[in-house]
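Trainee: I should like a close look at a single part of this model. Please take one helix, describe how it packs, and state the criteria as you proceed.

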Amino acid sequence: MLSYRNTTKELRDSGIDTAILSVGATEQFGPYLPMHLDTLIAELYATAYGRELNAYVLPAIPFNTSEEHANFKGTVTVSPNILTAMLEDIVCNLVRQGFRKFVVCTGHGGSYWEGAFIKHINYKYPEIIVITANHHNHLAWEEAVAAAGLTGLNEIHGGLLSVCTAMWLCPDLVKTQSMGSEVPSDNRLYADYMGWDKLTEDGCWGRFEEGVYSPEELAEKGEIFWSVFIKKRTEGLKQILEEGYRRKTEV
């Protein structure tokens, strides 16, 4: 694996033709967690996929389509048109340099643009392939929740799992104070139509209760969850990429 920290000569001499494009977010995670968690998660994905595929890992883009959080101060949201246009430009630039295989990964669950982007770019550019690592999503979630001892987790954003994640990745930025609430399930019907300031008490769609776990236990659960989740999503990724590229480009 190589990354933007390597030199252009190292990249040229490696013969690498696969690149990892990751997209995080800068958005609220309730009153006590930092706003770059999704970017840290995107970087975890990118590093794991880069190692698996011996790919060139680009820096994570720290902005995403975060409209649901945009009424919370500090959140940055960009339109899907702007974001996907930038990603397409990046792909085109790398294609000119000899890259032919691409993996897109996002740390933000609200990246609804991803599926349409993948489908469109593969149609528009028949000489390359662009994929995501969503082939084991459901199984990965179930295995990771169980391994971390979080069975029964009822969270979409900013609850116990988010605190566990932050305590593992950036503990010095976390205030382990109770936050969030149990959000009525029928609020999901409206989640894409309005800001979450109208649907949640403090931006958290889930609950964290102070004092249930020690800081060390929270960090351990975060590490276990993400290690298992990403490992499962990485399984079979190389085969899908290589076989997909062969099928798409064979004459």
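Mentor: The crossing of H5 and H7 is right-handed, a crossing being right-handed if the near helix is turned clockwise from the far one by less than a right angle, and left-handed if anticlockwise. By class, this contact of H5 with H7 has 10 nonpolar, one polar and three charged residues; Ala, Val, Leu, Ile, Met, Phe, Trp, Tyr, Cys and Pro count as nonpolar, Asp, Glu, Lys and Arg as charged, and the others, Gly among them, as polar.

The basis of these statements should be made plain. This is a predicted model, in which local features need pLDDT of at least 70 and side-chain atom pairs count only at pLDDT 80 or more, while totals for chains, interfaces and linings use all residues. Residues are numbered from 1 along each chain as its sequence is written, and side-chain values use heavy atoms, with hydrogens and water left out. Helices (H or I, at least four residues) and strands (E, at least two) are DSSP runs, numbered from the N terminus.

Two packed helices are described by the angle between their axes and the distance between the axes. For H5 and H7 the axes come within 8 Å and cross at roughly 155°; axes are lines fitted to C-alpha atoms, for helices over the stretch in contact, with angles from 0 to 180 degrees between N-to-C directions. H5 is therefore roughly antiparallel to H7, a label for angles over 145 degrees. On the H5 side, the residues that meet H7 include Trp141, Glu143 and Val145. Their counterparts in H7 are Ile224, Phe225, Val228, Phe229, Lys232 and Arg233, contact meaning heavy atoms within 4.5 Å.

H7 itself comprises 20 residues (215-234). Its expected span, 1.5 Å times one less than the number of residues, is 28 Å, and the end C-alpha atoms are 28 Å apart, which agrees. Among the buried residues of H7 (under 20% relative accessible area, with a 1.4 Å probe and protein chains only) are Leu218, Ala219, Phe225, Trp226, Phe229 and Ile230. Lys221, Lys232 and Arg233 are also buried.

H5 (137-147) is one of several partners: the buried residues of H7 also pack against helix H2 (37-53), helix H6 (160-169), strand E7 (206-208) and helix H8 (237-249). Just after H7, Gly236 takes a positive phi of about 80°.

Key: Buried < 20%, exposed > 50% of the residue type's maximum accessible area, 1.4 Å probe, protein only. Parallel < 35°, antiparallel > 145°, perpendicular 65-115°, else oblique.
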